[in-house]
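I open this notebook to record what I looked up in one structure. The entries cover confidence, helix packing and enclosed space, in that order.

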Amino acid sequence: MQTGIGSADRPPVELPHPVRMRILGAVMVGVFLGALDQTVVGTALPRIITDLGGNGLYTWAFTAYLLTSTISGPLYGKLSDLFGRRPVFLFGIGLFMAGSVLSSLSREMWEFVGARGVQGLGAGALFPIAMATLADLFAPSERGRYQGLFGAVFGLSSLVGPAIGGFITDTAGWHFVFLVNLPIGAVVLFTVARYLPR
């Protein structure tokens, strides 16, 4: 009886604890990037509208991101079941970074809205794959403890996002609000590619 309980409380993918912590950290940073993006951009958006014009497209800067991330989330979940967590998460973070570059290079408001849509398509992979990865790496008895960390990530992003967005916009310019995603995203890509099993 005890043997059955013990085997049921084991993670589907067994890895050394330090490796699991590295993967968890990288995945959480990826989720933090997606969550932080909304609050940072919200602070920078008045300056972006001033530079690019297009007041009529103001709400689409948010809507395009939310729409594409919401629609693509369930699709990424299914694709990760078919092809594995690692390639889908890497694709999502890569697409998010590509959308960040396109956003920073935008010269017209419609270009910016399209780039935000691309960013949203990438961000749609981050949260569902992060939760699925958590379920793969940790036993059922451990998952609640680590799931709470994801809630803390969203809380932290809402606290620090406006300050970060305002500081970068005032000192370096709104273009760097998006470019700052690149080095952080590169660390996430490297860690997940190296340590997360296919």
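**Confidence**

I began with the confidence scores and found the lowest in helix H1 (residues 2-8), with a mean of 52, and the highest in helix H4 (residues 85-105), at 94. The model is a predicted one. I noted a chain average pLDDT of 87, with 96% of the residues scoring at least 70. Where pLDDT is low, the predicted coordinates should not be read in detail. I therefore keep that caution in mind for H1, given its mean of 52.

**Helix packing**

I recorded angles and distances here, since two packed helices are described by the angle between their axes and the distance between the axes.

I looked up H2 against helix H8 (residues 181-195): the axes come within 9 Å and cross at roughly 150°. I entered this crossing as left-handed. On the H2 side I listed Val19, Arg22, Ile23, Ala26, Val29, Gly30, Leu33 and Asp37. On the H8 side I listed Asn181, Ile184, Gly185, Val188, Thr191, Val192 and Tyr195. By class, I found 9 nonpolar, 4 polar and 2 charged residues in the contact of H2 with H8.

I next took H2 with H4, which pack at an angle of about 35° with their axes 12 Å apart. This crossing is also entered as left-handed. I found Val27, Gly30, Leu33, Gly34 and Asp37 of H2 in contact with Phe89, Ile93 and Phe96 of H4. The class count for the contact of H2 with H4 is 5 nonpolar, 2 polar and 1 charged. I noted that Gly30, Leu33 and Asp37 of H2 appear both in the contact with H8 and in the contact with H4.

I then turned to H3 and H5, whose axes come within 6 Å and cross at roughly 35°. I entered their crossing as right-handed. The contact of H3 with H5 holds 13 nonpolar, 11 polar and 1 charged residues.

**Cavity**

I searched for enclosed space and obtained 1 cavity of 30 Å³ or more. I recorded a volume of about 40 Å³ for the largest cavity. Which residues line the largest cavity? I listed Ile23, Leu24, Val27, Ala130, Thr133, Leu134, Leu137, Phe138 and Phe150. Helix H2 (17-52) and helix H5 (109-137) each supply at least two residues of this lining, and H5 gives the largest share, 4 residues. I classed the lining as 8 nonpolar, 1 polar and no charged residues. I also noted that Ile23, a lining residue of the cavity, is among the H2 residues that meet H8, whereas Val27, also in the lining, is among those in contact with H4.

**Pocket**

I closed with the largest pocket, which holds about 260 Å³ of space. I counted 15 lining residues, of which Gly34, Ser69, Ala123, Phe127 and Phe154 lie nearest the pocket's centre. H2, helix H3 (60-83) and H5 each supply at least two residues of the pocket lining. By class, I recorded 9 nonpolar, 6 polar and no charged residues there. I noted finally that Gly34, listed near the centre of the pocket lining, also belongs to the contact of H2 with H4.

Note on methods
Residues are numbered from 1 along each chain as its sequence is written. This is a predicted model: local features need pLDDT of at least 70, side-chain atom pairs count only at pLDDT 80 or more; totals for chains, interfaces and linings use all residues. Side-chain values use heavy atoms; hydrogens and water are left out. On a 1 Å grid over the protein atoms alone, a cavity is a set of points where a 1.4 Å probe fits but cannot get out, and a pocket is an open set with protein on both sides within 12 Å along at least five of seven lines; lining residues have an atom within 4 Å of a point. Grid points are joined across faces, edges and corners, and a volume is the space filled by probe spheres set on the points. Ala, Val, Leu, Ile, Met, Phe, Trp, Tyr, Cys and Pro count as nonpolar, Asp, Glu, Lys and Arg as charged, and the others, Gly among them, as polar. pLDDT is the predictor's confidence in each residue, from 0 to 100. Axes are lines fitted to C-alpha atoms, for helices over the stretch in contact, and angles run from 0 to 180 degrees between N-to-C directions. A crossing is left-handed if the near helix is turned anticlockwise from the far one by less than a right angle, and right-handed if clockwise. Contact means heavy atoms within 4.5 Å.
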